[in-house]
Amino acid sequence: MKVSMKQISQLTGFSPATVSNALNRKKGVNSETSDKILRAAQELGYQPEKNVTKIRFVTYRKNGSIIDDCMIFPAMIEGVERQAKELGYETVFSHLNYQDASFEVRLEEVLEDTECLMILLGTEMMEEDFEPFRKYKGYMIVLDGWCEDMSFDGVLINNTDAAYKAVEYLIHKGHNKIGYLRGDYRIKAFRYREYGYERALRRHGAAIEPQYTVTVGTQLESAYEGMKSFLEEQRELPTAFFADNDVIALGAIRAMKEKGIKVPEQVSVVGFDDINYGAVSMPGLTTVHVYKQEMGEAAVRRVLDYIKYPVRNTKMKIQVCTDFIERDSVRDLNKD
């Protein structure tokens, strides 16, 4: 038998209006009351009417250092929009630019709208940037990001494991001096990739040598300029580099080519993301393939689970696995 709000009201002692506000995550209900109502609803097996018809996709731009120059995000957005449409939901888009004067106003507009379910692109977000979203009364999932205290669901790349496998690949190709092309804006994804890089070297007994870590900008031109400055100091080079992403890898390769350093004959390079430019670059870039559209689709499916089971408090961290793409930017030293 279908459970009604009236039954929840009778069980908890709260008015039907209060019960309705709590179940719909509206303002005006304190957290203790809300928790009691949600627990009672769960115990009774309450199933709400499906009244949400829109998914709001929110892009959070902290400084543009990553999302302005990386080409994986349109594919994620396409995945969100396509999956939502297939399941009968409309997608609306909002853009939050932290550096805009109107940021606070736009943020408040997003947080006040609980008629939509929110997917938040969290690529550039640091831990403190999640703070305002804690007061959001609707459901929210973070795409390509993660809040360390597990306040929200998240869909992200298996960054550490993927980076580990990429560096291990270089080791299996005979490289024991492997450098790190490190993005200067340390988003969480880059930090996790750095863990994977270091873990692979330690696991295989290779040294982590600071002189082989090159910190560069995260856009194509700034990565090129950063690598160019590094090479002008005429430092010794490793036999291979692992890069935080493809944009950084391609900028660094350009700088090495201008300096007369041949890739992969003298230095091998592995990227991360598998953007289209990497497939047509010379040489073709060996990289980690990210299932971008599938990440967007997974976020939509998790969002819609909330409509079916709104009173569940379990948070999920969904890691989407990657594939490794071999092209021509790595030399096999075992054959020498």
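The lining of the largest cavity divides into six nonpolar, four polar and two charged residues. This cavity belongs to a predicted model. Its volume is about 90 Å³. The lining residues are G122, T123, M125, D144, G145, W146, L156, N159, I187, K188, A189 and Y192. Helix α7, residues 188-203, gives the most to this lining, with three residues.

The count of cavities of 30 Å³ or more comes to three. The second largest holds about 60 Å³ of space. Its lining is made up of I66, C70, I72, F73, T123, D144, I187, A189, F190, R193, N245 and D273. By class, these are seven nonpolar, two polar and three charged residues. Helix α7 again supplies the largest share, three residues. T123, D144, I187 and A189 appear in the lining of the largest cavity and also in that of the second largest.

The chain as a whole has 11 helices and 12 strands. Its C-alpha atoms fill a box of roughly 80 × 40 × 35 Å along the principal axes. Of its 336 residues, 53% count as buried.

Two helix pairs were examined for packing. Such a pair is described by the angle between the two axes and the distance between them. Helix α6, residues 159-172, packs with α7. Their axes come within 7 Å and cross at roughly 40°. The pair is therefore oblique, since the angle lies between the 35 degrees below which helices count as roughly parallel and the 65 degrees at which roughly perpendicular begins. The crossing of α6 and α7 is right-handed. N159, one of the residues lining the largest cavity, falls at the start of the α6 range.

The second pair joins α4, residues 73-86, and α11, residues 292-308. Their axes lie 7 Å apart, at an angle of about 40°. α4 and α11 are therefore oblique to each other. Their crossing is right-handed as well. F73 begins the α4 range and is among the residues lining the second largest cavity.

Backbone geometry was considered next. Most residues other than glycine have a negative phi, and most peptide bonds are trans. Two aspartates and two prolines depart from this pattern. D273 has a positive phi of about 125° although it is not a glycine. D274 also has a positive phi, near 60°. D273 is found in the loop between β9 and α10, and D274 has its place in that loop too. Both count as buried, because a residue does so under 20% relative accessibility: the value is 3% for D273 and 12% for D274. D273 is also one of the residues lining the second largest cavity.

The peptide bond from V263 to P264 is cis, with omega near 10°. P264 lies in the loop between α9, residues 246-258, and β9, residues 268-270. A cis peptide bond also joins M282 and P283, where omega is about 0°. P283 is found in the loop between α10, residues 276-280, and β10, residues 287-289. Strand β9 thus borders the loop of P264 and the loop of D273. Helix α10 borders the loop of D273 and the loop of P283.

Two further residues illustrate partial exposure. K137 sits in the loop between β3, residues 116-121, and β4, residues 140-143. Its relative accessibility is 31%, so K137 counts as partly exposed. K137 and L111 are 26 residues apart in sequence. In space, their C-alpha atoms are 7.7 Å apart.

P16 has its place in helix α2, residues 16-23. At 49% relative accessibility, P16 counts as partly exposed, because exposed means over 50%. P16 and V269 are 253 residues apart along the chain. Their C-alpha atoms are separated by 63 Å. V269 falls within the range of β9, residues 268-270.

Note on methods:
Residues are numbered from 1 along each chain as its sequence is written. This is a predicted model: local features need pLDDT of at least 70, side-chain atom pairs count only at pLDDT 80 or more; totals for chains, interfaces and linings use all residues. Side-chain values use heavy atoms; hydrogens and water are left out. Helices (H or I, at least four residues) and strands (E, at least two) are DSSP runs, numbered from the N terminus. Buried means under 20% relative accessible area, exposed over 50%, partly exposed in between (1.4 Å probe, protein chains only). On a 1 Å grid over the protein atoms alone, a cavity is a set of points where a 1.4 Å probe fits but cannot get out, and a pocket is an open set with protein on both sides within 12 Å along at least five of seven lines; lining residues have an atom within 4 Å of a point. Grid points are joined across faces, edges and corners, and a volume is the space filled by probe spheres set on the points. Ala, Val, Leu, Ile, Met, Phe, Trp, Tyr, Cys and Pro count as nonpolar, Asp, Glu, Lys and Arg as charged, and the others, Gly among them, as polar. Axes are lines fitted to C-alpha atoms, for helices over the stretch in contact, and angles run from 0 to 180 degrees between N-to-C directions. Angles under 35 degrees count as roughly parallel, over 145 as roughly antiparallel, 65 to 115 as roughly perpendicular and the rest as oblique. A crossing is left-handed if the near helix is turned anticlockwise from the far one by less than a right angle, and right-handed if clockwise.
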